[in-house]
Amino acid sequence: MWSDILFSMRQELAVTVILFLLLFIKIGVPGYRTESLLRLVNLLLTVNLLLGFLPAPDAVLFNGMFHSNGMIVLEKNILNLGTLIVSLLAYDWLKDHRQAPEFYLLLLATLAGFFFMISSGHMLLFYLGLELSTIPLTALSGFDLDKRQSSEAGMKFILSSAFSSALLLFGISLLYGATGTLSFDAIPRHLDGSAFQLFAFILILSGFAFKVSVVPFHLWTADVYEGSPVAVTAYLSVISKGAVFFIFVQTLYTVFRPMADTWYRIIVLLSVLTMLTGNLFALRQNKIKRLLAFSSIAQSGFILAGITGSSRSGDASVIYFILIYVFSNLGAFGVVSLISARTGKENIDDYKGLYSTNPLLSWVMAISFFSLAGIPPTAGFFGKFFLLMAGAGKGNYIFIIIAALNMILSLYYYLRVIKVIFMDSQPQPIARQKIPLMPNIAFILCLIGILVTGLAGWVYDYIYSLSIGF
């Protein structure tokens with residue numbers, strides 16, 4: 001019994017052990033060197049990632065509150081991989097930071113919350129996991145204590161999160177009143193599509209929409225992304241968003257399955273609005289972090305397009321795309337993070353002539369942007385292709401055409417940055433930057449992921465074999 005629990009929850013327990021180890025170092029080892037601590041944490045995160053690949057049987061624990069299966073383990077492994085890459089990329093920023101242990105304590109607390117949220121089989125555990133992840137994230141967004149903009153980002157994020165959590169909790173309470181249960185397995189048997197249940201669903205959907213920056217609940221995104229440290233922005237745009245989308249798909253495909261015809265129309269509308277808004281606002285941005293923020297919003301619209309498929313291919317395409325998104329977005333944010341930490345420059349025009357002094361950083365940024373835009377042969381092309389194919393399963397071809405046109409629209413602002421880097425020049429471009437070992441490893445991982453994941457067909461096949469659907 002205990003061995004089954006320990007093995008099924010090994011990823012949560014591993015993160016908890018790392019958390020306590022960092023706490024002991026912070027309290028009991030006053031003379032630690034920050035760089036040694038960063039190397040230790042990256043080693044432990046690597047061990048944690050490898051631990052997730054050990055085979056494990058499906059499990060249902062604590063009277064159905066906690067679930068574990070092959071797909072859930074894979075989703076956690078994707079989050080572990082993304083967190084490791086974020087940690088490697090943040091090395092150059094954190095090695096001179098006074099609160100490096102606190103950064104990891106908050107970061108890993110959010111990761112533990114995401115794990116419990118993804119494994120939840122009950123609305124209460126889902127909500128507890130969501131809040132365990134959200135509250136430390138608000139502290140991380142204001143982590144640059146000496147910068148007013150960072151404090152402002154933290155305040156905006158905590159107010160937006162509180163509002164979205166209130167909507168979500170209110171929706172959960174109404175759902176309990178309508179069904180008499182909060183178990184994911186039992187709720188579908190009590191859904192009949194009444195107006196009261198629909199109102200509860202809309203409130204829950206609104207809570208989810210806030211977390212993943214879906215229009216019209218996206219207004220906090222650009223300001224929080226711009227004000228937060230780049231490493232935190234990368235974590236928000238990839239790990240946080242990916243985790244919420246994982247549980248969102250499970251909730252729609254299992255808990256609200258009887259209301260599929262209703263939520264399909266809502267998701268289609270939100271997808272179109274999100275793609276259009278993200279792309280149109282990204283066109284006029286002059287700061288690289290704000291451009292990536294609105295790009296992230298547009299990517300959420302594409303993910304929603306895959307979710308509308310309501311099938312195994314819809315579930316598989318979402319998870320496959322998020323895996324690719326981890327490599328693509330973190331590659332771009334890694335370049336921004338290193339340049340921002342060294343020079344403080346974050347405007348797009350500051351990147352003029354970057355290729356003449358930093359060819360490696362330029363190619364990492366270019367390949368990452370090609371993938372985000374969905375240009376072959378990068379993995380992003382295959383990711384968006386499978387999303388659109390899943391969405392086309394319902395036969396709504398007008399919707400798919402709109403999504404495809406939005407892909408073309410997004411090419412402008414992605415290629416604009418690449419043009420600035422490779423074709424424009426300025427008298428004093430960003431000086432040549434020496435890349436430390438840790439970020440170098442992260443860049444290599446991102447490039448391999450972008451160039452190989454799409455071409456290795458077995459990756460999507462494996463995800464499809466684990467996926468759920470109607």
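What follows is a chat about the pockets, salt bridges and a surface patch in a predicted model.

Biologist: Let's start with the empty spaces; how much space lies in the largest pocket?

Modeller: In this predicted model, the largest pocket holds about 670 Å³ of space. Its lining is made up of 29 residues, and those nearest the centre are F53, L74, N77, W458 and Y462.

Biologist: And which helix gives the most to that lining?

Modeller: That is α4, which contributes six residues to the lining of the largest pocket. Helix α4 covers residues 70-89, and it is one of the helices that each supply at least two lining residues, together with α14 (312-343), α19 (437-452) and α20 (457-466).

Biologist: How many of the lining residues there are nonpolar, and how many are charged?

Modeller: The lining of the largest pocket has 20 nonpolar residues and two charged ones, with seven polar residues besides.

Biologist: OK, next one: how much space is in the second largest pocket?

Modeller: The second largest pocket has about 580 Å³ of space. It is lined by 25 residues, and W93, D144, K147, S340 and A341 are the ones closest to its centre.

Biologist: How do the residues of that lining divide?

Modeller: In the second largest pocket, 10 lining residues are charged, eight are polar and seven are nonpolar. The largest share of this lining comes from α14, with four residues, while α5 (91-94), α10 (221-227) and α11 (230-255) also supply at least two residues each.

Biologist: Changing topic, how many salt bridges does the structure hold?

Modeller: There are eight salt bridges in the structure. As background, side chains of opposite charge can pair when their charged atoms come close.

Biologist: Take E35, then; which residue does E35 form a salt bridge with?

Modeller: The partner of E35 is R39, and the closest N and O atoms of this pair are 3.6 Å apart. Because E35 and R39 are four residues apart in helix α3 (residues 34-51), about one helical turn separates them.

Biologist: Are those two buried, exposed or partly exposed?

Modeller: E35 is partly exposed, with a relative accessible area of 26%, and R39 is also partly exposed, at 40%.

Biologist: What about R290; where does R290 sit, and how far along the chain is D223?

Modeller: D223 and R290 form a salt bridge in which the closest N and O atoms are 3.0 Å apart. This pair links distant parts of the chain, since D223 is in helix α10 and R290 is in helix α13 (residues 288-307), 67 residues apart. D223 is partly exposed, with a relative accessible area of 28%, whereas R290 has 18% and therefore counts as buried, the cut-off being under 20%.

Biologist: And what is the N to O distance between E226 and R290?

Modeller: The side chains of E226 and R290 meet in a salt bridge at 2.8 Å, N to O. E226 lies in helix α10 and R290 in helix α13, so this pair ties together parts that are 64 residues apart in sequence. Both E226 and R290 are buried.

Biologist: Which residues do shared partners join into one network?

Modeller: Salt bridges with shared partners join K156, D223, E226, K287 and R290 into one network.

Biologist: Last thing, the surface: which residues make the nonpolar patch?

Modeller: F20, L23, F24 and I27 make a nonpolar surface patch of about 430 Å². I27 has its place in helix α2 (residues 10-28), and I27 is exposed, with a relative accessible area of 64%.

Key. Residues numbered from 1 in each chain as written. Predicted model: local features only at pLDDT ≥ 70, side-chain atom pairs only at ≥ 80, totals over all residues. Heavy atoms only, no water. 1 Å grid on protein atoms, 1.4 Å probe; cavity = no way out; pocket = protein on both sides within 12 Å on 5 of 7 lines; lining within 4 Å. Points joined across faces, edges and corners; volume = space filled by probe spheres on them. Nonpolar A, V, L, I, M, F, W, Y, C, P; charged D, E, K, R; others polar. Salt bridge = Lys/Arg side-chain N within 4 Å of Asp/Glu carboxyl O. Buried < 20%, exposed > 50% of the residue type's maximum accessible area, 1.4 Å probe, protein only. Patch = residues over 30% accessible without salt bridge, like charges linked within 9 Å, V, L, I, M, F, W, Y side chains within 5 Å. Areas by Shrake-Rupley, 256 points an atom, 1.4 Å probe, with all protein chains shown as cover.
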